[in-house]
Amino acid sequence: MALSADILRGYTDTIILHQLSHGDSYGYQINKTISTLSGGEVDFCHWGCKQTSGAAQLVKRRLEAAGLIQSYWGSETSGARRRYYAITALGQEKLISDLAAWEDTKRQLDQLLEG
């Protein structure tokens with residue numbers, strides 16, 4: 001069952017930061033990895049599609065403006081140049097904080113829904 005857009009929206013930044021914590025990547029690869037890990041249920045197409053939405057640009061700009069990621073152009077010798085994204089030290093700190101908050105959220109929801 002696919003995650004609701006409302007739930008997913010609250011964790012988009014954390015999901016992106018987590019992917020980048022494994023190494024620098026470019027939009028298409030980030031989206032492909034997320035799609036694969038979710039069994040095709042989650043698709044951040046805006047990170048890898050040729051037609052980038054305005055909302056996606058805002059997410060990228062927001063993460064970069066906050067100092068959580070940085071972007072740079074790759075040095076491909078064939079095909080189109082790719083814009084790569086890297087998590088920063090501040091982004092790593094934010095990810096750790098977000099993951100702790102997620103664990104707390106899961107614990108609280110389990111108590112509320114199972115108790």
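Where do Asp 98 and Lys 94 lie, and how many residues apart are they? Both are in helix H5, 4 residues apart, which is about one turn of the helix. I shall return to this pair after an overview of the chain. Please bear in mind throughout that the structure before you is a predicted model.

Let me begin with the overall architecture. The secondary structure of the protein chain comes to 5 helices and 3 strands. Read from the N terminus, the elements follow the order α-α-β-α-α-β-β-α. The chain has 115 residues, of which 29% count as buried. Its accessible surface comes to about 7600 Å², and carbon and sulfur atoms account for 55% of that area. As for contacts between residues at least 6 apart in sequence, 44% of them join residues at least 24 apart.

I turn next to the strands. The 3 strands form an open sheet with antiparallel pairing, in the order S1-S3-S2. The edge strands are S1, residues 25–26, and S2, residues 69–73, each of which pairs on one side only. Between S1 and S3, the latter spanning residues 83–87, the antiparallel pairing runs over 2 bridges. Within this part of the sheet, Tyr 26 stands opposite Tyr 84 in S3.

The interior is the next topic. In soluble globular proteins, nonpolar side chains tend to be buried together. In this model, the largest nonpolar core has 14 residues. Those with the most contacts inside the core are Ile 16, Leu 17, Leu 20, Ile 30, Leu 63 and Ile 69. Two or more residues are given to this core by each of H2, helix H3 (27–37), H4 and S3. Which element gives the most to the core? It is H2, with 3 residues.

Helix H2 merits a closer look. This helix covers residues 12–20 and is mostly covered, with 7 of its 9 residues buried. The buried residues are Thr 12, Asp 13, Thr 14, Ile 16, Leu 17, Gln 19 and Leu 20. The list thus includes nonpolar residues such as Ile 16 and Leu 17, but also the acidic residue Asp 13.

Is Asp 13 buried or exposed, and at what relative accessible area? Asp 13 counts as buried because its relative accessible area is 19%, and the cut-off for burial is under 20%. Its side chain meets that of Arg 62 in a salt bridge, at 2.5 Å from N to O. The pair links distant parts of the chain, with Asp 13 in helix H2 and Arg 62 in helix H4 (residues 54–65), 49 residues apart. Arg 62, at 42% relative accessibility, counts as partly exposed.

The count of salt bridges comes to 4, and two others that I wish to discuss involve residues of helix H5. Returning to the opening pair, Asp 98 forms a salt bridge with Lys 94, and the closest N and O atoms are 2.8 Å apart. Asp 98 is buried, with a relative accessible area of 12%, whereas Lys 94 is partly exposed at 34%.

The other example is Lys 106 with Glu 103, where the closest N and O atoms of the salt bridge are 3.2 Å apart. Because these two residues are 3 apart in helix H5, Lys 106 and Glu 103 are separated by about one helical turn. The general geometry is as follows: an α-helix has 3.6 residues a turn, so residues three or four places apart point the same way. In terms of exposure, Lys 106 is partly exposed at 31% relative accessibility, and Glu 103 is likewise partly exposed, at 46%.

Two further features of H5 complete the picture. Ser 97 has its place in helix H5 and counts as partly exposed, at 44% relative accessibility. Its C-alpha atom is separated by 9.6 Å from that of Thr 14, although the two residues are 83 apart along the chain. Thr 14 is one of the buried residues of H2.

Finally, I come to the surface. Which residues form a nonpolar patch there? They are Leu 109, Leu 112 and Leu 113, with about 360 Å² of accessible area together. Leu 113 lies in helix H5, which spans residues 89–114. Leu 113 counts as exposed because its relative accessibility is 72%, the cut-off for that class being over 50%.

Note on methods:
Residues numbered from 1 in each chain as written. Predicted model: local features only at pLDDT ≥ 70, side-chain atom pairs only at ≥ 80, totals over all residues. Heavy atoms only, no water. Patch = residues over 30% accessible without salt bridge, like charges linked within 9 Å, V, L, I, M, F, W, Y side chains within 5 Å. Areas by Shrake-Rupley, 256 points an atom, 1.4 Å probe, with all protein chains shown as cover. Buried < 20%, exposed > 50% of the residue type's maximum accessible area, 1.4 Å probe, protein only. Pairing = 2+ DSSP bridges. Core = buried A, V, L, I, M, F, W, Y, C linked by side-chain atoms within 4.5 Å. Contact = heavy atoms within 4.5 Å.
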